[in-house]
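Ready for a few warm-up exercises? Take a look at the model below, then work through each task with its solution.

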Amino acid sequence: MATWNSRGLRGSSLEELINLTNEKYRAGKIALIQKIPTPIKPVRMDTAHRQITLAYFEQRSTVDYIGAVQGIPVCFDAKECQTQTFPIQNIHEHQIVFMEDFERQGGIAFLIIHFTGENRYFYLRFEKLVSFWNRSKTGHRKSFKMSEMEPEFEIDNTGICLHYLEALQKDLDLRACMEEEKKS
(Lines give C-alpha, C1' and ligand atoms only; values in the text may rest on other atoms or scores of the structure.)
Protein backbone atom coordinates (compact mmCIF):
# COMPACT_ATOMS: atom_id res chain seq x y z
CA MET A 1 0.00 0.00 0.00
CA ALA A 2 1.44 3.40 -1.01
CA THR A 3 1.76 6.18 1.51
CA TRP A 4 0.14 9.49 0.80
CA ASN A 5 3.28 11.59 1.07
CA SER A 6 5.55 9.37 -1.05
CA ARG A 7 4.73 10.86 -4.45
CA GLY A 8 1.78 13.09 -3.73
CA LEU A 9 3.15 16.39 -4.99
CA ARG A 10 4.80 15.08 -8.11
CA GLY A 11 3.11 16.63 -11.12
CA SER A 12 1.41 19.32 -9.05
CA SER A 13 2.67 22.24 -11.19
CA LEU A 14 1.25 20.58 -14.30
CA GLU A 15 -2.01 19.93 -12.50
CA GLU A 16 -2.18 23.57 -11.36
CA LEU A 17 -1.75 24.68 -14.98
CA ILE A 18 -4.45 22.26 -16.13
CA ASN A 19 -6.76 23.37 -13.31
CA LEU A 20 -6.39 27.02 -14.39
CA THR A 21 -7.06 26.03 -18.00
CA ASN A 22 -10.12 24.00 -17.00
CA GLU A 23 -11.48 26.96 -15.04
CA LYS A 24 -11.06 29.17 -18.11
CA TYR A 25 -12.81 26.56 -20.28
CA ARG A 26 -15.67 26.34 -17.75
CA ALA A 27 -16.03 30.12 -17.51
CA GLY A 28 -16.17 30.31 -21.31
CA LYS A 29 -18.78 27.52 -21.36
CA ILE A 30 -16.46 25.48 -23.61
CA ALA A 31 -15.94 22.48 -21.34
CA LEU A 32 -16.59 21.15 -17.87
CA ILE A 33 -13.60 19.12 -16.68
CA GLN A 34 -13.06 18.23 -13.03
CA LYS A 35 -10.06 17.00 -11.10
CA ILE A 36 -10.81 13.63 -9.54
CA PRO A 37 -9.36 13.39 -6.03
CA THR A 38 -7.88 10.10 -4.91
CA PRO A 39 -9.58 9.03 -1.67
CA ILE A 40 -7.17 8.68 1.24
CA LYS A 41 -7.47 7.15 4.69
CA PRO A 42 -5.74 9.26 7.35
CA VAL A 43 -3.56 7.24 9.72
CA ARG A 44 -1.79 9.94 11.70
CA MET A 45 -2.98 13.48 12.41
CA ASP A 46 -1.29 16.56 13.80
CA THR A 47 -4.29 17.77 15.80
CA ALA A 48 -2.60 21.01 16.83
CA HIS A 49 -2.24 22.06 13.20
CA ARG A 50 -5.25 20.11 11.89
CA GLN A 51 -3.09 18.34 9.30
CA ILE A 52 -2.80 14.79 8.07
CA THR A 53 0.78 13.62 8.55
CA LEU A 54 0.39 10.05 7.26
CA ALA A 55 -2.29 8.48 5.10
CA TYR A 56 -2.85 5.59 2.71
CA PHE A 57 -4.70 5.53 -0.57
CA GLU A 58 -8.08 3.90 0.03
CA GLN A 59 -8.31 2.73 -3.56
CA ARG A 60 -6.44 2.98 -6.82
CA SER A 61 -7.03 6.13 -8.79
CA THR A 62 -8.27 5.89 -12.35
CA VAL A 63 -7.42 9.16 -14.08
CA ASP A 64 -6.77 12.70 -12.88
CA TYR A 65 -9.53 14.44 -14.85
CA ILE A 66 -12.95 13.62 -16.24
CA GLY A 67 -15.67 15.69 -17.83
CA ALA A 68 -17.24 16.80 -21.10
CA VAL A 69 -16.23 19.07 -23.93
CA GLN A 70 -19.32 20.30 -25.77
CA GLY A 71 -21.06 16.97 -25.26
CA ILE A 72 -18.01 14.76 -25.77
CA PRO A 73 -17.00 12.75 -22.68
CA VAL A 74 -13.26 13.00 -21.95
CA CYS A 75 -10.91 11.58 -19.37
CA PHE A 76 -7.20 12.08 -19.03
CA ASP A 77 -4.23 11.80 -16.76
CA ALA A 78 -1.47 14.37 -16.27
CA LYS A 79 2.12 13.11 -16.12
CA GLU A 80 5.48 14.84 -15.76
CA CYS A 81 8.91 13.59 -16.70
CA GLN A 82 12.25 15.31 -16.02
CA THR A 83 14.11 13.56 -18.82
CA GLN A 84 13.34 12.97 -22.49
CA THR A 85 12.41 9.35 -21.70
CA PHE A 86 9.08 8.50 -20.06
CA PRO A 87 8.94 5.20 -18.12
CA ILE A 88 5.84 3.11 -18.87
CA GLN A 89 5.80 2.05 -15.19
CA ASN A 90 4.43 5.56 -14.43
CA ILE A 91 1.20 4.42 -16.06
CA HIS A 92 -0.61 1.66 -14.23
CA GLU A 93 -2.54 -1.21 -15.77
CA HIS A 94 -5.77 -0.24 -14.01
CA GLN A 95 -5.49 3.21 -15.65
CA ILE A 96 -5.11 1.64 -19.10
CA VAL A 97 -8.11 -0.61 -18.41
CA PHE A 98 -10.22 2.35 -17.23
CA MET A 99 -9.28 4.45 -20.26
CA GLU A 100 -9.98 1.53 -22.59
CA ASP A 101 -13.41 1.03 -21.01
CA PHE A 102 -14.05 4.78 -21.25
CA GLU A 103 -13.19 4.77 -24.96
CA ARG A 104 -15.41 1.71 -25.50
CA GLN A 105 -18.31 3.77 -24.10
CA GLY A 106 -17.73 6.50 -26.69
CA GLY A 107 -15.46 8.76 -24.67
CA ILE A 108 -12.04 10.14 -25.52
CA ALA A 109 -9.11 9.19 -23.27
CA PHE A 110 -5.62 10.65 -23.42
CA LEU A 111 -2.58 11.75 -21.41
CA ILE A 112 -1.06 15.18 -21.09
CA ILE A 113 2.69 14.78 -20.62
CA HIS A 114 5.05 17.55 -19.59
CA PHE A 115 8.70 16.91 -20.36
CA THR A 116 9.94 19.35 -17.72
CA GLY A 117 13.59 19.40 -18.80
CA GLU A 118 12.54 20.69 -22.22
CA ASN A 119 9.43 22.49 -20.95
CA ARG A 120 7.37 20.84 -23.68
CA TYR A 121 3.82 19.54 -23.37
CA PHE A 122 2.23 16.79 -25.41
CA TYR A 123 -1.23 15.33 -25.86
CA LEU A 124 -0.73 11.56 -26.05
CA ARG A 125 -3.59 9.93 -27.93
CA PHE A 126 -4.93 6.77 -26.31
CA GLU A 127 -4.17 4.70 -29.40
CA LYS A 128 -0.52 5.80 -29.29
CA LEU A 129 -0.37 5.19 -25.53
CA VAL A 130 -1.64 1.63 -26.05
CA SER A 131 1.03 1.01 -28.69
CA PHE A 132 3.74 2.09 -26.20
CA TRP A 133 2.08 -0.02 -23.48
CA ASN A 134 1.86 -3.13 -25.67
CA ARG A 135 5.44 -2.68 -26.84
CA SER A 136 6.63 -2.68 -23.22
CA LYS A 137 4.63 -5.83 -22.41
CA THR A 138 6.12 -7.82 -25.28
CA GLY A 139 9.74 -7.68 -24.15
CA HIS A 140 10.62 -4.40 -25.85
CA ARG A 141 11.61 -1.05 -24.41
CA LYS A 142 9.77 -0.17 -21.17
CA SER A 143 9.69 3.54 -21.97
CA PHE A 144 9.11 5.95 -24.81
CA LYS A 145 11.10 8.97 -25.84
CA MET A 146 9.93 12.52 -26.33
CA SER A 147 11.11 12.15 -29.95
CA GLU A 148 8.43 9.45 -30.41
CA MET A 149 5.66 11.88 -29.56
CA GLU A 150 3.54 13.07 -32.47
CA PRO A 151 4.73 16.63 -33.23
CA GLU A 152 1.26 17.74 -34.34
CA PHE A 153 0.03 16.92 -30.83
CA GLU A 154 2.45 19.21 -29.02
CA ILE A 155 0.44 21.57 -26.83
CA ASP A 156 1.25 25.24 -27.07
CA ASN A 157 1.83 26.71 -23.62
CA THR A 158 1.21 30.40 -24.02
CA GLY A 159 0.68 32.33 -20.84
CA ILE A 160 -1.14 30.85 -17.88
CA CYS A 161 -3.16 28.25 -19.81
CA LEU A 162 -2.38 24.96 -21.47
CA HIS A 163 -4.72 24.88 -24.45
CA TYR A 164 -5.10 21.15 -24.84
CA LEU A 165 -8.48 21.34 -26.58
CA GLU A 166 -6.73 22.16 -29.85
CA ALA A 167 -4.95 18.79 -29.64
CA LEU A 168 -8.23 17.11 -28.68
CA GLN A 169 -9.79 18.53 -31.86
CA LYS A 170 -6.90 17.10 -33.91
CA ASP A 171 -7.52 13.73 -32.23
CA LEU A 172 -11.23 13.91 -33.11
CA ASP A 173 -10.42 14.88 -36.71
CA LEU A 174 -7.96 11.98 -37.01
CA ARG A 175 -10.54 9.54 -35.63
CA ALA A 176 -13.16 10.81 -38.10
CA CYS A 177 -10.70 10.45 -40.97
CA MET A 178 -9.87 6.89 -39.92
CA GLU A 179 -13.59 6.03 -39.76
CA GLU A 180 -14.08 7.38 -43.28
CA GLU A 181 -11.18 5.26 -44.52
CA LYS A 182 -12.73 2.16 -42.94
CA LYS A 183 -16.01 2.84 -44.76
CA SER A 184 -14.38 3.14 -48.18
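**Exercise 1: the second largest pocket**

Helix α4 is the top contributor to the lining of the second largest pocket, giving five residues. Helices and strands here are DSSP runs (H or I, at least four residues; E, at least two), numbered from the N terminus. By the way, this is a predicted model, in which local features need pLDDT of at least 70 and side-chain atom pairs count only at pLDDT 80 or more, while totals for chains, interfaces and linings use all residues. Residues are numbered from 1 along each chain as its sequence is written, and side-chain values use heavy atoms, leaving out hydrogens and water.

Task: find which residues line the second largest pocket.

Step 1. Start with the list: E103, R125, F126, E127, D171, R175, M178, E179 and K182. (A pocket is an open set of points on a 1 Å grid over the protein atoms alone, where a 1.4 Å probe fits, with protein on both sides within 12 Å along at least five of seven lines; lining residues have an atom within 4 Å of a point.)

Step 2. Sort by element: α3 and α4 each give two or more residues.

Step 3. Sort by class: seven are charged, two nonpolar and none polar. (Asp, Glu, Lys and Arg count as charged; Ala, Val, Leu, Ile, Met, Phe, Trp, Tyr, Cys and Pro as nonpolar; the others, Gly among them, as polar.)

**Exercise 2: the sheet**

Task: work out in what order the six strands form the open sheet.

Step 1. Read across: β1-β4-β5-β7-β8-β10, with mixed pairing. (Two strands pair if DSSP finds at least two bridges between them.)

Step 2. Check the ends: β1 (31-35) and β10 (154-155) are the edge strands, each pairing on one side only.

Step 3. Zoom in on β4 (residues 65-69) and β5 (residues 72-81): they run antiparallel, joined by five bridges. Y65 sits opposite F76 in β5.

**Exercise 3: two helices**

Task: pick out which residues make the contact of α2 with α3.

Step 1. From α2, take E93, I96, M99, E100 and E103; from α3, F126, L129 and W133. (Contact means heavy atoms within 4.5 Å.)

Step 2. Classify them: five nonpolar, three charged, no polar.
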